[in-house]
Amino acid sequence: MRKSGTLLSGVLAVTLAFVLTLTLFGAQATAQDKIKRVFVFGDSLTWGWTPVAPIVPTTRHPHADRWTTVLGENLGDGYELVVDGLSGRTTNIDDPNDPKLNGADYLPAALAAHEPLDLVIILLGTNDTKTYLNRTPFEIGLGAGALINMVQKSPGWDWTDYPPPPVLLISPPPLGETIDPLAAPIFVDGLAKSEALPGVYKAIAEAAGESFFDAGSVVSTDGVDGIHFTAETNRTLGAAVAQKVKTLLQP
């Protein structure tokens with residue numbers, strides 16, 4: 001009888017431990033499920049290019065001075081950021097000087113690598129205004145629209161069943177009035193093109209049923225090179241985008 005009682009007690013203890021483990025695991029999984037994953041896809045503005053004169057060589061803004069860092073800080077608990085910024089990245093056009101810069105070539109793999117996602121933020125377009133790419137603002141907008149379409153069609157690429165995440169398309173602020181002499185020849189007419197992007201991007205986002213934010217409504221391109229942001233501008237932009245994200249993702 002003692003052996004039977006001891007065995008019964010052991011079985012009960014193991015069963016209780018198993019149930020407790022399942023309960024704790026379930027609680028952790030539930031908490032994890034509540035975390036909103038935000039993917040940011042951008043160029044040097046997202047990478048954190050420090051504006052200097054002359055424009056190159058440069059360094060990256062310290063982590064604390066990048067707009068995505070400030071975005072995460074302002075969102076607070078319950079959000080996880082995945083940041084992918086590449087200097088020189090375009091929307092969907094090949095740059096003859098560097099084959100890795102076409103954003104459309106890389107985005108599908110990035111989406112598959114980082115899913116599940118609750119929001120995709122796209123901040124691109126400045127590099128598309130380069131003179132040698134010969135793009136109109138409307139063509140640049142269509143490039144951004146092509147990226148939106150990729151996000152909307154992304155589920156199932158790698159045999160998953162996640163729903164397509166919504167998109168927040170951000171138009172970059174207009175270029176500065178004066179571009180660094182080393183970069184000025186490749187941004188002829190870039191200012192006029194960049195000034196037209198907010199209207200085009202807004203129409204593209206609305207046509208796709210997605211959200212839009214005009215970075216130029218809260219910041220200007222204040223770097224000494226006429227292309228990039230100072231640390232202060234990064235902080236302002238990060239805080240503003242955080243408010244927009246909260247309106248999109250908070251119940």
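**Figure 1. Residue L81 and its surroundings.** L81 is partly exposed, with 24% relative accessible area, in this predicted model. Because the partly exposed class covers values between the limits of 20% and 50%, L81 falls within it. The residue belongs to strand β2. Apart from neighbours within four places in sequence, L81 makes contact with V38, T68, L71, G72 and L75. The pair formed by L81 and T68 is separated by 13 residues along the chain, and the two C-alpha atoms lie 8.1 Å apart.

**Figure 2. The buried arginine R89 and its polar partners.** R89 sits in the loop between β2 (79-85) and α4 (103-114). The relative accessibility of R89 is 3%, so this residue counts as buried. Two polar partners of the side chain are shown in this view. The backbone oxygen of G42 is reached by the side chain of R89 at 3.0 Å. The side chain of D84 is joined to that of R89 by a polar contact, also of 3.0 Å. Neighbours within four places in sequence aside, the residues in contact with R89 are F41, G42, D43, D84, L101, G103, Y106, L124 and N127.

**Figure 3. The annotated position S44 in helix α2.** The UniProt record, an unreviewed entry, places the feature "modified residue: Phosphoserine" at S44. In the model, S44 lies in helix α2, which comprises residues 44-47. S44 has a relative accessible area of 6% and is therefore classed as buried. Its contacts, leaving aside neighbours within four places in sequence, are with W49, L86, S87, G88 and H228.

**Figure 4. Helix α4: span, capping and its two sides.** With 12 residues at 1.5 Å a residue, α4 should span 16 Å, and its end C-alpha atoms are 16 Å apart, so the expected and computed values agree. The N-terminal end of α4 is capped by N102, of which a side-chain oxygen lies 2.9 Å from the backbone nitrogen of A104. Which residues of α4 are buried? They are G103, A104, L107, A110 and L111. Viewed down the helix axis, the buried residues of α4 fall within an arc of 110°, and therefore line one face of the helix. An α-helix has 3.6 residues a turn, so residues three or four places apart point the same way. D105 and A113, on the other side of α4, are exposed. The cover over the buried residues of α4 includes the strands β1 (36-42), β2 and β3 (119-123), together with helix α5 (137-152).

**Figure 5. Two cis peptide bonds preceding proline.** The peptide bond from A53 to P54 is cis, with an omega near -5°. P54 is placed in the loop between α2 and α3 (67-75). Another cis peptide bond joins V56 and P57, with omega about 0°. P57 likewise has its place in the loop between α2 and α3.

**Figure 6. Non-glycine residues with positive phi: N134 and D189.** N134 is not a glycine, yet its phi is positive, near 55°. This residue occupies a place in the loop between β3 and α5. Its relative accessible area is 63%, so N134 is exposed. D189, also not a glycine, has a positive phi of about 70°. The loop that holds D189 runs between β4 (167-171) and α6 (190-207). Is D189 buried or exposed? D189 counts as exposed because its relative accessibility is 56%, above the limit of 50% for that class.

**Figure 7. The protein chain as context for the close-up views.** The secondary structure comprises seven helices and five strands. From the N terminus on, these elements follow the order α-β-α-α-β-α-β-α-β-α-β-α. The chain has 251 residues, of which 44% count as buried. Of the contacts between residues at least 6 apart in sequence, 76% join residues at least 24 apart. The accessible surface comes to about 12,600 Å², with 61% belonging to carbon and sulfur atoms.

Conventions:
Residues numbered from 1 in each chain as written. Predicted model: local features only at pLDDT ≥ 70, side-chain atom pairs only at ≥ 80, totals over all residues. Heavy atoms only, no water. Helix = DSSP H or I, 4+ residues; strand = E, 2+ residues; numbered from the N terminus. Buried < 20%, exposed > 50% of the residue type's maximum accessible area, 1.4 Å probe, protein only. Polar contact = N/O pair within 3.5 Å; in protein donor to acceptor, adjacent residues only side chain to side chain. Contact = heavy atoms within 4.5 Å. UniProt positions renumbered as here; feature names shortened; annotations may be inferred. Areas by Shrake-Rupley, 256 points an atom, 1.4 Å probe, with all protein chains shown as cover. Expected span 1.5 Å × (residues − 1). Arc of directions from axis to C-beta.
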